Structure formats: C-alpha cells, structure tokens
Amino acid sequence: MSKPEPCSDQHKAPKREQTPTRSKMEQIFGFKKEDLTSWHSFVSLLNRPTDPASLGIFRCLFGLLMVIDITQERGLSNLDYKYLDGAPVCRFPLFNFLQPLPLDWMYLVYVVMFLGASGIMLGCFYRLSCLMFLSTYWYIFFLDKTTWNNHSYLYGLIGFQLTLMDGNRYWSIDGLRRPSIRNAHVPLWNYTLLRAQIFIVYFIAGVKKLDADWVEGYSMSYLAHHWLFDPFKLILPVELVSLLVVHGGGLILDLTAGYLLFFDVTRPYAFFFVSYFHCMNSQLFSIGMFPYTMLATSPLFCYPDWPRNFFAHFPSFLRAVLPLTSPGSQPSPSCVYEEIQGSGTQLKHKLGAIFTVLYLMEQFFMPYSHFITQGYNNWTNGLYGYSWDMMVHSRSHQHVKITYKDRKTGETGYLNPGVFTQSRRWKDHGDMLKQYATCLHQYLPRYNISDPEIYFDIWVSINERFQQRIFDPRVDIVRAEWSPFKPNKWLMPLLVDLSPWRTKFQEIEGSLDNQTEIVFIADFPGLHLENFVSEDLGNTSIQVLQGQVNVEIVEEKKNYTLQPGEQIKVPAGAYHKVYTVSEDPSCYMYVYVNTTEAALQKNFTKLYEIQERVRNGTETEPLPPELQPLMAADDDEGSEVNATDPIVRLFLKRQRRMKEVKKRREAGVLERLQRFAVKKYYTIRRGILMTAIAMRNLAVGLPPLEQLTREVAYANMKEPQAEASQDERLKDEVGHAEL
C-alpha cells in the first residue's frame, strides 16, 4: 500500500524523489527490503516525503460529495419528518442514552456538519472543519442503527483519517493563508492509510462473497432482470447472467480490484472495470454518493503528482484557479528526509507509524469481530454496516404479527407492524427488536394497556429460502434477556439443511401459469401458523412437502392431518391454523390465484381489444356510454378522462401510466439530466429552506403558527408533475393481500 506509482509511463516522478538505481522489489512495490528490516527504517518509510497533489484533490472531492450527501442520504431535506418534536416515535440508537436534540437544534447539528464538509472541500480551517464534520457525522450515525450501511461507515472512517492527515497542503484556502504549508510534502502514511482502507473495502467484500449463497447465485438473482444487463442477455440466458455476470463478476472484481489498482501494469484495466462497476451500481441501487466516492478514491493509487500532469494540459488563463502544476514540493516537518542531516525520526513520526499499523490491524479485525458482540448476531453476523458484506444477503418478509397482552386484565390484542416507528429494519435484528418492544411497553399504557407483554411473529426468507420464523413467537421480548456480548436465546435457527429445496422451488414455479402464485413455508415442531386468506385469493390450497402438519379450519372447527404430497383447499375470507406435528421441521406451500386481479386482467384485455378496433376502424357497433371514454382517450392522450365505470377508469389510468413510463424510459440524455437536476433542485431547496426556518427559530423564536405554516408549505413546493395527489397515481399491479 506504500507504492506511489504513476498512472502511465508518461508520468515521471520529481527527480529528487527517485533513487539513481531501483531494485526489482522497489520497482514493483515502491519500497526496498531494507525498509522493513528495522523499526527505524519502517518509520522512515511511512514518513517518506510524498507529493501532496493527489491527496489534496481527493480531499476536495470527498468534501464535495459529503456536502451533497448531507442534503440527501444524511436526510437534511426530510429532517422534520424524522425528528418532529413531540411525536411518539421509537428510535434505535447504538447506545440507549443517545437521543435526538429538539428539531431546530438538530438542524443546527446538520449546519455544523455541512460547514465542516464545506471546509474539507475548500481546505479552509482544515483541522477544525474535519472535527466539525466528524463529531456531527458520527453523532447522526450512532443515533439511528436502522440507517446503517457499509458506505456510511466508510464515510466516517475517511473523515477520521483526513482529520489526522495533512490534506490541506495542496489546492486549499489554508495554503493561501499560510504559505509555509502550501504545496508542502505529506508523509507517505497519509496515502498508505487511504489506499489500504480502499483495498480492505474491496477485498473483504470479495471474501464475504465467497459465501455459498453468493457463489450459487441466490443473493442478488433479481438484478439480472435489470435493463443494465440487457447486453449480456443477448448472448446468455438470464439465469447465466445472474450466476456468471452478477454474482461471478462481482466476486472476481471485489477480490482483485485492490491488487489491480496497486500495480502499474494492471491499473488501467482496474480503472476501467471499477469505473464501470460503480457506474452500474449508481443505477442499480439507491446508495447516494457511494459510487462516486469510490470513483474518487481510484486515483489515490496513481503516482501522487498526477494532478500536476493532468492540469498542466489546461489553458493558461485558468491557472489562477486550478491546482499548481509546477513540479516539486517544499519540505515539511511532518516528513523524514534521510538525505538531510539532523532530519531523523521524531516522536510524531513514530506515532504516525504506530497509528497506521494499529488502525489497519483494527480494520482487518473488525469484519470478523462478531464472536465478541454476539448479541448483534442474527442469521447474519453483526450489525450491518462495518463488515463489508455488501449485497450478500437479500430478504423478503411474508408475515409480521405483533401481539400484546395486558398483564393486569389479561386482554390480548394486535398492533399494526411498524406502529410508532418509521423503520422496518427492526424485523431482522434482535437488538432492535428488543429496543422496539421496550418502546412499545412505554407507549401502550397511554392507551390503557397496563404493563404489556409484547410478542413478535416474524416470517423471513433469506436468499430465496423457505419463509420461516426468525424469532421465537412464544417469548415476551419486553422481559427477554439481551446482552451485546451473549448469544440471543430467542433467535430461531436458520434452517440451512433445507437450502437444497431452492432448486426444487424453481421447478415448481416454472410449472405454474402466470396467474398462480406460490409461497414456501417452513416451521418448527410444536409451533403453528395462524393465517387469514383474503377473499381476493380464490382457490388457495396447502400442499405438504416435508414433515407432517395438522390444518385447523377455525370457522368449521375441523382438523385435517396432511402427509408429504397431500394437499387441502382452505376457504377464502376465513382464518385457519397450520400446526407442525412432526418431530422435524415441516415444509409446505401455499398455492393461490388472485381471482380479483385475474378478473381485472380479463376485463382489461377486452377493453384493449375494443380500443384497438376503434382505432383501426373495425368496430362496427356504437360504443355504450360507459365505454365512450375509450374513444376520448384515443383522441387526446393527455386529457383527464371522466369515466363513470370504475373498470374503464382504472384501465385508462393504467394506460396513461404505462405511456408515462415508456416516455421516461425512451427519453434522451438531455431530458434525463433535466429531470434529474429538477428533482435534486427541489430536494436541496427544501433542505435549505427548512434549515433557514430552524435557524431563524433559534435566533429570534417561533413565529405565529399561520406564518410558520406558510413557510413550511413554501418549502414543500415541488415540481408540477410531482404535485398530483397520490390518489391519482396508478399502481402498476393490484396488490396481493398478505397470506
């Protein structure tokens, strides 16, 4: 990680930084074997004077990306929705004593973070700016575990590293204010730390993808259907695109990217593949600035003076605002100059080397530290966000039930899943479930429920396995024991022995028609599933695949025992219970047809045929009044059609929506950029206006309610096409009732 090599053979290092003769090892790795033979040599190596140009450009790009990130993924634009004062909300901080400040003060926290990111970008009061950004960023990060992800963790790490580095030595306002630091050398460990951090991100992510589910193509199989993979589907079936391109390509790239970026010969190829990879990710996932941040890190692996060579090609009249292009840097006390007498290693140089070694050891250890924090382990290890296990696991939730019991009266009832919270991630994490249950225990007494017990029945499928319970539904989570350092006793085991059934799932699903849906269930001995079948779901049946179950039809008060291969039809609009009575886990499947949707699709087909006959002039009979809007819609596609028949109205809305989607997909580059810019403008605009309102409130107090309402309404203003009410927006599919 210490090699400062060029991006191409054309980029030559300053002569004073080159040795007359270089050994083979030095040519490949950037250092000699002798540099590792003693502690003094190692310290001198890590504090070797290095050009500050590349670090300065990265500092500027990182600060810019964080400025943008604050208004978006950090949530400045919708901060009032998340931290509204007085709202009964269950929160999930890492430490329970952490609580959000009042709303206006939360805006002030974001202002400090924004100013810190801006200062990093400009290199203005650099160290103070780093501390401002770092302290507020980690406060926001620790305040809500439900928003954790790997790249948010990475931003905090990079911010921490930059705080300790000399990132303001090149293209910074501090350099203009203080000529003594302008264009001064930085110690090599500044680059070593950042390069090693990015190497760890790639490599550990690749190691995590050696998981069997990823290698076999179950983790992200749905991605192969995205339009970005259409070129691959010209030569490969979608199944092989998923296995070889999505999963195989992702695995190989993560394992090799760090190595390929390090060496001169392979770096151009690495630049191409990682750039293509991150550009695809920016379209595949809603991950904010992460792809662009990773793109900004790639030049760190080039020779540190690459910006001088790059900006030297710009016109001379721009030189006043562009970074320096003259070769060479001035000496810095942060570095060790072996050729200068009296420039030996000092305490700060040794501390820099010690910090580099300890930090990298900690970063290699953290992704595998889950044996310590066992309470955070579920079906996957640890809190998602610091293990670099990106996209290795995908989940789907079929059934979530929250039951409360009044300990004073014995009354039992049910809660709407997600009540008192805006997050859904508590469903998969025992620590968050414990926090949620504790919060519900505090809020429910307001609704005359005394000292409640809280039970959760959560069904999850991970990487296309059976839907199964993740937590024991018989345990009162309020009083259940939980410790960050002890295994979670009420976590149900993942039925990995049933994983081979996934191949059978594909065969069964392939044999069904387009209107038939299927859900695969696995349950533990002694437990039962209570289910309600919506009246929309006709012809619903249960078929046993493994084990033995007892099906109770609640209204009929009848019980039926089913063996593997047997099935039973369950009535719609009624409850039933499925008991697992075998000694081993049972496996069964629900097979059903959404009869309401099927009838709707049949009517849509008839309406489409009528519309086509009207368009081509083959319709000989006059249309009845309720079908007249079909002709009006054809004459004026953009007009609002007042159809009296609800089926016709829904059909026309769906057609209009499909035309809008087609128009958006076929839009040119300029139109797409305009749409993107308008959307971002209104997002950033709201964040700025709401922040201004909050700062005014802190400075002079709250205005009259009518004035505040008008100000918030003005901040909420959106682009014209987004102002249509949600009722006018058509869902592409009729929603399935939960089985």
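**Exercise 1. Helix 14**

Is helix 14 mostly covered or mostly uncovered, and how many of its residues are buried?

*Solution.* Note at the outset that the model is predicted. Step one: take the cut-off for buried, which is under 20% relative accessible area. Step two: apply it along the helix. Six of the eight residues of helix 14 are buried, and the helix is mostly covered. Step three: name them. They are Phe290, Pro291, Thr293, Met294, Ala296 and Thr297. Step four: look for the cover. It includes helix 3 (53–71), helix 7 (150–164), helix 9 (188–208) and helix 13 (267–284).

**Exercise 2. One residue of that helix**

Place Ala296 in its surroundings, and state whether it is buried or exposed.

*Solution.* Start with the element: Ala296 belongs to helix 14, residues 290–297. Next, the accessibility. Ala296 has a relative value of 9%, so it counts as buried. Then set aside its neighbours within four places in sequence. Ala296 is in contact with Phe58, Leu61 and Leu65. Finally, take a long view along the chain. Gln628 is 332 residues from Ala296 in sequence, and their C-alpha atoms are 57 Å apart in space.

**Exercise 3. Cysteines**

Find the disulfide, give its handedness, and say which parts of the chain it ties together.

*Solution.* Count first: the structure has one disulfide. The partners are Cys90 and Cys439, with sulfur atoms 2.1 Å apart. That fits the cut-off of within 2.5 Å. Now the torsion. About the S-S bond it is about -85°, so the disulfide of Cys90 and Cys439 is left-handed. Next, the location. Cys90 sits in the loop between helix 4 (79–82) and helix 5 (103–122), while Cys439 sits in helix 17 (residues 430–443), so the bond ties together parts 349 residues apart in sequence. Cys90 and Cys439 are both buried.

Why does Cys335 have no bond to Cys130?

*Solution.* Check the distance. Cys130 holds the closest cysteine sulfur to that of Cys335, yet the gap is 18 Å, too far for a bond. Then check burial. Cys335 has 3% relative accessibility and counts as buried. Cys587 is buried too, with a relative accessible area of 0%.

**Exercise 4. A sheet and the helix across it**

Work out the strand order of the four-stranded open sheet, then find its edges.

*Solution.* The order is 4-3-5-6, and the pairing is antiparallel. Strand 4 (412–415) and strand 6 (468–469) are the edge strands, each pairing on one side only. Take one pair in detail. Strand 3 (residues 395–405) joins strand 4 through four bridges, in the antiparallel sense. Tyr404 has Gly413 of strand 4 as its bridge partner. Now add the helix. Helix 17 lies across strand 3, strand 4 and strand 5 (453–462), and runs at about 150° to strand 5. Helix 17 also carries Cys439.

**Exercise 5. A hairpin**

How many bridges join strand 10 to strand 11, and how many residues lie between these strands?

*Solution.* Five bridges join strand 10 (residues 549–553) and strand 11 (residues 558–562), which run antiparallel. One bridge partnership is that of Asn550 with Thr561 in strand 11. The two strands form a hairpin with four residues between them. In the turn, Lys557 has a positive phi of about 55°.

**Exercise 6. Annotated spans**

Compare the UniProt record with the model for residues 188–205 and 240–262.

*Solution.* The unreviewed UniProt entry lists both under "transmembrane region", along with 107–140 and 269–292. In the model, residues 188–205 are 100% helix, with end C-alpha atoms 26 Å apart. Residues 240–262 are 100% helix, and their end C-alpha atoms lie 31 Å apart.

Note on methods
Residues numbered from 1 in each chain as written. Predicted model: local features only at pLDDT ≥ 70, side-chain atom pairs only at ≥ 80, totals over all residues. Heavy atoms only, no water. Buried < 20%, exposed > 50% of the residue type's maximum accessible area, 1.4 Å probe, protein only. Pairing = 2+ DSSP bridges. Contact = heavy atoms within 4.5 Å. Axes fitted to C-alpha atoms, helices over the stretch in contact; angles between N-to-C directions. UniProt positions renumbered as here; feature names shortened; annotations may be inferred.
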